[in-house]
Amino acid sequence: MYITDDIRYIGVNDHEIDLFEGQYVVPNGMAYNSYIIMDEKTAVMDSVDGNFTQEWLDNIAAQLDGRKLDYLVVQHMEPDHSASIFDFAKAYPEAKIVASSKAFAMMKNFFGTDFAEKQVVVNEGSRLSLGRHELNFITAPMVHWPEVIMTYDSTDKVLFSADAFGKFGALDVEEDWACEARRYYIGIVGKYGSQVQAVLRKAAKLDIEKICALHGPVLTENLSYYINLYDIWSSYRPEEEGVVIAYTSIYGNTKKAVMQLAEELKANGCEKVVINDLARCDWAEAVEDAFRYSKLVLATTTYNADIFPFMRQFIDHLTERSFSNRTVAFMENGSWAPVATKIMKSMFEKSKDITFAENTVKIMSALNDESTAQLKALAKELCTGAAEETEEEPKGETRRFECSVCGYIYEGAELPEDFICPICQLGAEVFEEIE
Ligand code: FEO
C-alpha cells in the first residue's frame, strides 16, 4: 500500500483472532500495521503479532528487493507489535534496533536479550537521519505502555502514532472509523487521558499531513476530525447529549422498569436513549456508550447482599478507566433488603466530577404505583438537567502540573513537595504548572 513516495505499508490483517488482548471481541478482525521507509538508509516501523511473522518478513523482503535493511524502529512493546522482533533480528542481523531505554528493558524480559550490540536508544527530541527523511522521536508514556515513543517524519509530514488513533478491525473490511476507534480507545487507553492530552499538546506543534497508527487505516484527510475526537475522549468530556441505561435483570421485572424509563425519557423529550443488557451485550460496547453520552442510569438487583455480578464488573470497568464528568442515576430492585443503590453509589466514591441524580427508583420485586412515580420523576429530572443545577458543589481550585520528562499530569490544589511521578519516578522538581 502506498503511503508516500518513500513510505509503504507492510502490515498484516488478522481474521483468525477471537479476542484482542484476550478480552475484546473483534468481529471484523484486527490489523497489525507496520511501515517501511525507503531512503538512503531503510527503516521498518514496528513489527507484528507473532502469528504473522513470516507474512511480515515476506512483505519487508518484497519492498527491499535485495536492498540492505538498516533500522527497525520499535515504538511499542506490546506483543501485538513486538512479537516478531526476535525473528527479525535473526533475518536481518546487521539492522540496528531503535527504541526507548524502557523498551529495551522489556525486550530483555520478553526475549532474554536486549540486543545490546544493535541498540540505538532514543528519547524525547532524539533524531535519526535516513538521508532525505529525518525521524523525530516523541515520548508517549502510557499511550499505551510506559515505553511508547511516536515518530514524526518531518520530510513527508507523517506522524507514526503507535496505538493512538488506532481502531479495531482489519484493513480489508470497510467500516466507520469512529465507532471502533472509540471502543478501542475507551477500552484500552481510556484510563490514560492526561497522558494522551500531553501527547496531543506535542502533536499540535507539528505540521502533520498523515497519521500512521499501529492499528486501523492510515489517516490522510480531515485530520482535525480525528484529533478533536481524541481531545474529547481524553479529557473525559461527553461526546453527545444522551442517556445510557445499563441494566441487569433476573426474571424480567428490572428490564420492564428499564423499558418504561426509556419510554418516559423519550416522552420527556430526550432524543437519544441507549439501552444495554449487561449480561448479554459486548461489555466494551456498553463501556464505550457510557463514555460517549452525558448521562448514565444503572439498574440492577440486590444479589448475595451485594449487586448482580455483571453490574459490579461494569462499574469497575468504568471507574478503573477514570469515568468522570457525567450524571449518574440509580434504579434498584430487591425483594426483601434492597442495597443495590447504596453499593453502586459507593463504587463511584473516588470518581471525579460525578453528579448523582436526586431521584432514585426503588423496586420491591416488581413496579408498583410508588416506584412508577419515582421512575417518572427520574425521567423528568434527567431530561430537564435539574440534577446538574441543584447538585453542583463548590469545587476548590484545581491546578495542573505536567512532568517535563514524561508528560504525566498531576491535578490538585498544590503539587506535594515529595511527589514522585508514577511514570518516570522523578520528583516534584521536574514538574511545571500548565494551564
Ligand atoms: Fe496495539 Fe498497546 O498494543
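In which sense do strand S16 (residues 240–247) and S18 pair, and over how many bridges? The two strands pair in the parallel sense over six bridges. The structure is a predicted model, in which local features need pLDDT of at least 70, side-chain atom pairs count only at pLDDT 80 or more, and totals for chains, interfaces and linings use all residues. Residues are numbered from 1 along each chain as its sequence is written.

**Strand S18 and its partners**

Strands (E, at least two residues) and helices (H or I, at least four) are DSSP runs numbered from the N terminus, and two strands pair if DSSP finds at least two bridges between them. The pairings of S18 (residues 293–303) are set out below.

| Partner of S18 | Sense | Bridges | Residues opposite |
|---|---|---|---|
| S16 (residues 240–247) | parallel | six bridges | Val-244 and Leu-296 |
| S20 (residues 326–333) | parallel | seven bridges | Met-331 and Ala-299 |
| S19 (residues 306–307) | antiparallel | two bridges | Ile-307 and Thr-302 |

S18 is mostly covered, with nine of its 11 residues buried; a residue is buried if 20 or more other C-beta atoms, placed from the backbone, lie within 10 Å of its own. In the hairpin that S18 forms with S19, two residues lie between the strands, and Asn-304 takes a positive phi near 50°.

**Helix H5 and helix H9**

Helix H5 (residues 177–189) packs against helix H9 (residues 283–292) at an angle of about 90°, with the axes 9 Å apart. Axes are lines fitted to C-alpha atoms over the stretch in contact, and angles run from 0 to 180 degrees between N-to-C directions. The two helices are therefore roughly perpendicular, a class that spans 65 to 115 degrees. Arg-182, Arg-183, Ile-186 and Gly-187 of H5 meet residues of H9, including Ala-284, Val-287 and Phe-291; contact requires C-beta atoms, placed from the backbone, within 7 Å.

H5 is largely enclosed by the rest of the structure, because 10 of its 13 residues are buried. Among them are Tyr-184, Tyr-185 and Ile-188. The cover over the buried residues of H5 includes strand S4 (24–25), helix H6 (193–203), helix H7 (223–234) and H9.

**Domains**

An automatic or database assignment supplies the domain bounds: domain 1 (7–234), domain 2 (240–391) and domain 3 (399–434). The C-alpha centres of domain 1 and domain 3 lie 27 Å apart. Nine residues of domain 1 are in contact with six residues of domain 3. On the domain 1 side, H6 gives the most, with five residues.

Terms used:
Buried ≥ 20, exposed ≤ 12 C-beta atoms within 10 Å, placed from the backbone. Parallel < 35°, antiparallel > 145°, perpendicular 65-115°, else oblique. Contact = placed C-beta atoms within 7 Å.
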